[in-house]
Amino acid sequence: MRQRIADSLANSPLGRALARRQMQRFGTSAWSAHIVDEFIHGDGGAAYGLGPREKTNLVETFRRITGAVESGTAPIVHTVLARAILAIPPDTPGDLVECGVWHGASACSLSHLARLTGRRLKVCDSFQGLPDDGERLHTGLHTGVYGHYTQGMFKGTLDEVRTNITAHGCIEVCDFVEGWFGDSLGTLHDPVAFAFLDVDLESSTRDCLRALWPRLNDGGYVYADDAGDLDVVKVYFDEPWWQAELGCAAPGFVGSGCGLPLSPSYSAIGYARKVEHFKPEDWKRVPFLHYPEAP
Ligand SMILES: C[S@@+](CC[C@H](N)C(=O)[O-])C[C@H]1O[C@@H](n2cnc3c(N)ncnc32)[C@H](O)[C@@H]1O
């Protein structure tokens with residue numbers, strides 16, 4: 001009974017306004033709070049038995065994780081990844097894969113999602129930080145930021161990551177894949193339901209896509225937290241490379257340059273989607289376009 005009252009309060013306009021106020025206190029903008037609100041009160045996750053209460057707890061868990069473990073990604077990004085993962089039908093096979101772990105904050109959040117969806121999480125990193133990038137200049141055209149990465153930057157050791165996931169995530173669903181992506185990801189053979197790349201470099205992005213794209217389910221998503229760096233984003237549009245390396249058309253990247261709209265100004269998150277076979281029933285029709293096959 002108490003639970004039923006709590007659930008109906010959480011779904012009432014007052015409950016939602018209180019939740020939004022609470023999210024704003026967590027430091028997210030009103031815009032981001034709206035995205036969180038949509039996540040909590042939308043029907044995503046219903047197929048996994050998750051309602052507003054469980055999703056509120058999940059968002060709170062993301063906030064706790066990023067408070068406890070130094071993170072390159074904010075809780076709102078973890079929420080966006082959660083929304084995408086919970087939209088995968090439960091009968092779709094495949095693992096969740098994270099490439100680019102640092103101290104393991106995003107891996108902690110993804111491990112909760114792996115547990116809730118009955119999947120494994122492949123946690124992939126050198127655990128030695130970034131490889132040498134040859135002092136390349138990186139520019140964020142939209143943000144106006146520039147700079148260089150150095151070898152070893154964003155190092156989190158395997159022990160450190162294991163400890164953090166044990167403390168804040170679900171270690172029992174994780175498999176650790178240690179090494180440079182160009183070598184290590186070739187050991188993955190199972191289907192991939194969803195991948196998250198947070199790898200900073202163009203060369204690392206190519207290594208990840210070369211290994212993961214063939215394993216990704218038709219209709220599956222690769223999210224990446226490097227949307228602001230056009231050198232990285234260009235990889236997703238590099239038609240000759242996709243044809244030569246993967247034998248398919250370049251998929252493009254949604255959010256190129258300024259990211260998905262998680263705030264009025266900028267986010268670093270975007271995605272590519274693998275569409276091998278176009279199925280009209282999975283897409284929407286609009287009144288202003290023409291459909292020759294329509295009666
Ligand atoms: C920005 S950090 C990841 C941040 C993390 N996702 C978070 O939210 O806190 C980038 C990570 O990518 C890893 N990395 C980049 N290129 C790599 C490569 N070629 N092979 C293995 N690891 C790589 C680095 O070791 C580092 O841990």
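**Chat about the ligand shell and its surroundings**

Biologist: Hi! By class, what does the shell around the ligand have?
Modeller: There are 10 nonpolar, 9 polar and 4 charged residues in that shell. Here Ala, Val, Leu, Ile, Met, Phe, Trp, Tyr, Cys and Pro count as nonpolar, Asp, Glu, Lys and Arg as charged, and the others, Gly among them, as polar. Keep in mind that this is a predicted model, where local features need pLDDT of at least 70 and side-chain atom pairs count only at pLDDT 80 or more, while totals for chains, interfaces and linings use all residues. Residue numbers run from 1 along each chain as its sequence is written.

Biologist: Thanks. Which residues are the closest to the ligand?
Modeller: G72, G100, S126, D198 and S204 are the closest, out of 23 that surround the ligand. A residue counts as near if its C-beta atom, placed from the backbone, lies within 6 Å of the molecule.

Biologist: And which helices each supply at least two residues of the shell?
Modeller: Helix 6 and helix 9 (202–212) do. Helices are DSSP runs of H or I with at least four residues, strands are runs of E with at least two, and both are numbered from the N terminus.

Biologist: Let's take helix 6. How many of its residues are buried?
Modeller: In helix 6, 11 of the 13 residues are buried; among them are C108, H112 and T117. Buried means 20 or more other C-beta atoms within 10 Å of the residue's own, exposed means 12 or fewer, and partly exposed is in between, with C-beta atoms placed from the backbone. Just after helix 6, G118 has a positive phi of about 70 degrees.

Biologist: Switching to the sheet: what order do the strands have?
Modeller: The order is 5-2-1-6-7-8, in an open sheet of 6 strands with mixed pairing. Strand 5 (174–178) and strand 8 (270–273) are at the edges with a single partner strand each, so one side of each has no neighbour in the sheet. Two strands pair if DSSP finds at least two bridges between them.

Biologist: How do strand 6 and strand 7 pair?
Modeller: Strand 6 (residues 192–197) and strand 7 (residues 216–224) are parallel, over 5 bridges. Helix 9 packs on the sheet, touching strand 1 (95–99), strand 6 and strand 7, and its direction makes about 180 degrees with that of strand 6. Touching means C-beta atoms, placed from the backbone, within 7 Å; angles run from 0 to 180 degrees between N-to-C directions, along lines fitted to C-alpha atoms, for helices over the stretch in contact.

Biologist: What about strand 2, is it covered on one face or both?
Modeller: Both: L121, V123 and D125 on one side and K122 and C124 on the other are all buried. Strand 2 also pairs with strand 1 in the parallel sense over 4 bridges, and C99 stands opposite C124.

Biologist: Any odd backbone angles? What is phi of F127?
Modeller: Phi of F127 is near 55 degrees, a positive value in a residue other than glycine. Most residues other than glycine have a negative phi. F127 lies in the loop between strand 2 and strand 3 (138–140), and D200, in the loop between strand 6 and helix 9, has a positive phi of about 70 degrees too.

Biologist: Is D200 buried or exposed?
Modeller: D200 counts as buried because it has 21 C-beta neighbours inside 10 Å.

Biologist: Last one: what does W180 touch?
Modeller: Leaving out residues up to four places away in sequence, W180 touches S126 and P131. W180 counts as partly exposed, with 14 C-beta neighbours inside 10 Å.

How values were computed:
Two residues are in contact if their C-beta atoms, placed from the backbone, lie within 7 Å.
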